[in-house]
Structure formats: C-alpha cells, structure tokens
Amino acid sequence: MTREELKAKISELLPSATFEEGGEWLNINIEPKDWLSLAQQLCNDEALHFDYLFCVTCVDWKTHLTMVYHLDSTKYRHNIVVKAKLDRNKPEIETVSHIWKTAELHEREQYEMFGVNFLNHPDLRLLILPDGWEGKNPMRKDFEDAINMIRL
C-alpha cells in the first residue's frame with residue numbers, strides 16, 4: 001500500500017486524524033480518546049494488518065506530552081507512526097497491551113519515566129527504576145535530581 005493509500009484508508013477509519021508531511025514513515029496525529037478504537041482497527045483490518053507494535057515512547061514538550069507509537073505490518077511491510085497529544089498535568093491514554101503484547105512493557109516504561117497513566121493496563125508498575133521512584137518521572141523536563149544536580 002502506498003503512503004497515499006494508507007492516508008486514505010486511515011482517514012476512512014478516523015476522519016479526524018491529521019497527517020504530518022515529510023519523514024520516512026507516515027505520521028498520524030490523533031486525539032487520545034480515539035486511540036483504542038483506531039488501534040483495534042489498525043490491527044484487525046485485513047487491508048492494513050498492523051500486527052507489530054515495535055516502539056512506544058513519549059516526548060515532553062514542556063507544555064504537553066506526546067505519546068508516539070511505531071507500527072509495522074509484517075505481512076505488507078508498511079510502517080506508520082501514531083501520535084497523541086496528552087495533558088501534561090493528567091497524562092492518560094488507553095492501553096493497547098491486549099492488542100499488541102509488546103505494549104505491556106513499553107507502556108510500563110513510559111509510566112515510570114514520564115508518568116503516563118495507561119488506562120486498563122494489566123500490570124502498571126515500575127519496570128526499571130528501584131522502589132521509591134514511583135511518581136518521580138526522571139525523563140520529564142521538569143525533573144530535578146538534587147544529588148546528581150540534573151536539570152533539563
């Protein structure tokens with residue numbers, strides 16, 4: 001499927017989606033409330049068959065957070081990037097760990113590093129950091145570490 005065909009198909013599934021021009025992969029901007037429904041369709045629609053979620057990350061823009069999901073179709077060999085802008089004060093979005101198993105650990109990492117609450121996640125707890133780091137979110141730009149004097 002070409003980039004334009006992907007855009008057309010995704011626009012059918014979610015008319016409110018917007019697209020970023022340029023870049024290697026098709027970048028799609030959505031509202032967080034639309035993520036779960038779109039994710040299910042991206043995975044289950046036979047014409048798309050995005051069966052592999054290979055990267056989940058978060059970006060702190062100081063004014064808001066952006067969740068970034070990289071998806072691949074192992075059948076058709078096309079890739080997309082889905083982005084959702086989150087409220088910095090209450091960042092939350094539905095989990096997709098029941099759709100793509102790889103999301104379970106990726107989401108836990110974003111939870112501990114950025115404080116994103118993945119609604120309905122089956123095991124949302126620290127993944128890498130030791131006990132006592134709950135809620136500190138060291139990848140946020142407002143994180144301060146008095147011991148190591150880290151300030152972003």
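Glu-4 and Lys-7 stand three residues apart in helix α1 (residues 3-13), and are thus separated by about one helical turn. In this predicted model, the two residues form a salt bridge whose closest N and O atoms are 3.8 Å apart. The partners differ in their surroundings, since Glu-4 is exposed at 53% relative accessibility, whereas Lys-7 is buried with a relative accessible area of 14%. The count of salt bridges in the model comes to twelve.

A further salt bridge joins the side chains of Arg-88 and Asp-142, with an N to O distance of 3.1 Å. Because Arg-88 lies in the loop between β5 (79-87) and β6 (92-94) and Asp-142 in the loop between β7 and β8, this pair ties together parts that are 54 residues apart in sequence. Arg-88 is buried at 13% relative accessibility, while Asp-142, with a relative accessible area of 47%, is partly exposed.

Arg-140 is placed in the loop between β7 (117-119) and β8 (144-145). Although buried, Arg-140 has no salt bridge, and the nearest side chain of opposite charge, that of Asp-142, is 4.7 Å away, which lies outside the 4 Å limit for a salt bridge. The side chain of Arg-140 instead reaches the backbone oxygen of Arg-88 at 3.3 Å.

The side chains of Arg-125 and Asp-123 also meet in a salt bridge, at 2.8 Å from N to O; both residues are partly exposed, Arg-125 at 44% relative accessibility and Asp-123 at 25%. Elsewhere, Glu-4, Lys-7 and Glu-21 are joined into one network by salt bridges that share partners.

Notes: Residues are numbered from 1 along each chain as its sequence is written. This is a predicted model: local features need pLDDT of at least 70, side-chain atom pairs count only at pLDDT 80 or more; totals for chains, interfaces and linings use all residues. Side-chain values use heavy atoms; hydrogens and water are left out. Helices (H or I, at least four residues) and strands (E, at least two) are DSSP runs, numbered from the N terminus. Buried means under 20% relative accessible area, exposed over 50%, partly exposed in between (1.4 Å probe, protein chains only). Lys and Arg count as positive and Asp and Glu as negative; His and the chain ends are not counted. A polar contact is a pair of N or O atoms within 3.5 Å; within protein, one must be able to donate a hydrogen and the other to accept it, and residues adjacent in sequence count only if both atoms are side-chain atoms.
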